[in-house]
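Thanks for making the time this morning. I would like to walk through one model with you, beginning with the chain as a whole and then turning to a few side chains.

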Amino acid sequence: MSELVSNLFSPALMTIIGSGMGAAARETNNSMQIAGLENRARIAGFEADQMDINAKQQVAAGTQAVAQIAYKAHLEESSLIAKAAASGGAATDPTVLMLRARLKAADAFNEVQTMANATEAARQTELRAKATRMSGEYAKSQEGLVDSTNTMAQIGGIFSGAASLYQKCGPGRYGNGANP
């Protein structure tokens, strides 16, 4: 009788323990994968937020550069008028008016170009931020896939263990379905 009990419970017990350990290992692996995906999503969100800040700083730097261009333009115009006055001309002299108009046009172009460059750089940074944020959302969406894959693996492990247990202790092993 003790030999029968040891033959019956030893393989069965080992199969059950093995199935349980396999399920626990898969659950631990699942938890680690989900934590990794959550971290990836958090990191992507942080990086995207930093890129958004950088985009705003690029626009601010462009605005500052435009202000500097306007200031230099004012100094150049003042210098032009002072030189014209020193040479005996007036501020309304046609040559002085033409030079002032050219300076203003060139400065206006430089201002527009500088602001357009800053705005484009900010737009590119915002697009990178959006792509980074999307990669974080994608990583977060993979959590469900990892979880369902783990559930399927655990169910498969249980069925595999049950099949192994049936082979070791099932009806064919000890007669017509009745274990002594």
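**Two helices and the pairs between them**

Let me begin with the surface: in this predicted model, the protein chain has an accessible surface of about 12000 Å², and carbon and sulfur atoms account for 64% of that area. The secondary structure is quickly described, since the chain has two helices and zero strands. Helix 1 covers residues 2-86, and helix 2 covers residues 94-169. Of the 180 residues in the chain, 21% are buried. If we take the contacts between residues at least 6 apart in sequence, 81% of them join residues that are at least 24 apart.

Before going into detail, a word about confidence. The average pLDDT of the chain is 81, and 78% of the residues score at least 70. Residues 174-180 are another matter, because pLDDT stays under 50 there, although the model does have 13 contacts beyond four places in sequence for that stretch. Where pLDDT is low, the predicted coordinates should not be read in detail, and I will leave that stretch aside.

Now to the charged side chains. How many salt bridges does the model have? The count comes to five, and I will show three of them, starting with Asp 49 and Arg 133, whose side chains meet with a distance of 3.0 Å from N to O. Asp 49 belongs to helix 1 and Arg 133 to helix 2, so that this pair links parts of the chain 84 residues apart. Asp 49 is partly exposed at 41% relative accessibility, and Arg 133 is partly exposed as well, with a relative accessible area of 28%.

Arg 133 also forms a salt bridge with Asp 52, and here the closest N and O atoms are 2.9 Å apart. Because Asp 52 lies in helix 1 and Arg 133 in helix 2, this pair ties together parts that are 81 residues apart in sequence. Asp 52 has a relative accessibility of 24% and counts as partly exposed.

The third pair is Glu 77 and Lys 104, where the salt bridge has an N to O distance of 3.8 Å. This pair, too, links distant parts of the chain, with Glu 77 in helix 1 and Lys 104 in helix 2, 27 residues apart. Is Glu 77 buried or exposed? At 15% relative accessibility Glu 77 counts as buried, whereas Lys 104, at 48%, is partly exposed. Returning to Arg 133, the salt bridges that share partners join Asp 49, Asp 52 and Arg 133 into one network. As for the other surroundings of Glu 77, leaving aside neighbours within four places in sequence, this residue is in contact with Arg 100 and Leu 103 as well as Lys 104.

Finally, two threonines in helix 2. Thr 132 is in that helix, and its relative accessibility of 13% is why we call it buried, the cut-off being under 20%. Which residues does Thr 132 touch, not counting those up to four places away in sequence? They are Ala 44, Glu 47, Ala 48 and Met 51. Thr 119, also in helix 2, is partly exposed, with a relative accessible area of 40%. Its C-alpha is 5.8 Å from that of Val 59, although Thr 119 and Val 59 are 60 residues apart in sequence.

Definitions and conventions:
Residues numbered from 1 in each chain as written. Predicted model: local features only at pLDDT ≥ 70, side-chain atom pairs only at ≥ 80, totals over all residues. Heavy atoms only, no water. Helix = DSSP H or I, 4+ residues; strand = E, 2+ residues; numbered from the N terminus. Buried < 20%, exposed > 50% of the residue type's maximum accessible area, 1.4 Å probe, protein only. Contact = heavy atoms within 4.5 Å. Areas by Shrake-Rupley, 256 points an atom, 1.4 Å probe, with all protein chains shown as cover. pLDDT = per-residue confidence, 0-100. Salt bridge = Lys/Arg side-chain N within 4 Å of Asp/Glu carboxyl O.
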